[in-house]
Amino acid sequence: SFMAKIGEGDPRWIVSERQDGRNVNQWHWEEKDIFPWAKERFIHYMCNQDLVLSESLTIKTGNIKKFEGDCACNLRKKKVIITYDIAAEIEWVHSRIAAPGADAIQDNITKGVFKFPSISMENEAHEHEIEISVTSTHKSAGKMRDDVKAKAKTVIMKKLAEFIEEVMAYGREAQAGIPSTG
């Protein structure tokens, strides 16, 4: 057999930890948790935003209700890999505005939630699933949810794409900062 016995063999073959702890040439896997940064950027792009503004209605996002999962900047063999898998929920508010001089609209405020079950690097930005639910219980609530779906879904998905682009740009910037020689 050509297997070396324990304690035998060429010392050049032995991989040992460096005493100074350096990751020479970024060869070994390193992971940096960027989840807190990602949450802050998600809030920047997705929360408290005007999605639709017109004379008869407004649709806005509110606060973040949920942001769970992970987001990391990984380094292996001088390659930066961004990994993320996030579940998020954001409040939305649909407000109908009465025409000047008209009677006030009954049930003019409708509230609900945009739910993103899995924002993941496995999908292209436009492929992410979005669920639009309503939390208001008045008789017009379902119709207003349909209005949000028809008028605001493409806008919120564009904002999600902007967030994902910034996460990926973080990786490109990290990659650019790696020296090409050891």
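**Notes on a predicted model, starting from F163**

1. A good place to start is F163, which touches A38, R41, F42, Y45 and I86, leaving aside residues up to four places away in sequence. F163 sits in helix α2, which covers residues 141–176. Is F163 buried or exposed? With a relative accessible area of 1%, F163 falls under the 20% cut-off, so F163 counts as buried.

2. Keep F163 on screen and look for H44. Along the chain, F163 and H44 are 119 residues apart, yet 8.6 Å separates their C-alpha atoms. Contacts between distant stretches of sequence show up in the totals too: of the contacts in the chain with a separation of 6 or more, 65% are between residues 24 or more positions apart.

3. Now step back to the whole chain. Bear in mind that this is a predicted model. The chain has two helices and six strands, and from the N terminus on they follow the order β-α-β-β-β-β-β-α.

4. How sure is the predictor? The average pLDDT of the chain is 85, and 81% of the residues score at least 70. Confidence is highest in strand β6 (residues 131–134), with a mean of 97, and lowest in strand β1 (residues 30–33), with a mean of 86.

5. Next, the inside. The largest nonpolar core holds 36 residues, and the ones touching the most other members are F42, I86, F114, F116, I119, L160 and F163. Two or more residues each come from α1, β2, β3 (57–76), β4 (79–96), β5 (109–120) and α2. Helix α2 gives the most to this core, with nine residues.

6. F116 is worth a click as well. Not counting residues up to four places away in sequence, F116 touches M46, I86, A87, A88, I90, E129, I130, I156, M157 and L160. I86 is on the contact list of F163 too.

7. And the outside? The accessible surface of the chain is about 11,800 Å², with 50% of that belonging to carbon and sulfur atoms. Of the 182 residues of the chain, 36% count as buried.

8. One backbone oddity to finish. Most residues other than glycine have a negative phi. N48 is not a glycine, but its phi is positive, at about 55 degrees. Where is N48 in the chain? N48 lies in the loop between α1 (35–46) and β2 (50–53). The relative accessible area of N48 is 53%, over the 50% cut-off, so N48 counts as exposed.

Key
Residues numbered from 1 in each chain as written. Predicted model: local features only at pLDDT ≥ 70, side-chain atom pairs only at ≥ 80, totals over all residues. Heavy atoms only, no water. Helix = DSSP H or I, 4+ residues; strand = E, 2+ residues; numbered from the N terminus. Buried < 20%, exposed > 50% of the residue type's maximum accessible area, 1.4 Å probe, protein only. Contact = heavy atoms within 4.5 Å. Areas by Shrake-Rupley, 256 points an atom, 1.4 Å probe, with all protein chains shown as cover. pLDDT = per-residue confidence, 0-100. Core = buried A, V, L, I, M, F, W, Y, C linked by side-chain atoms within 4.5 Å.
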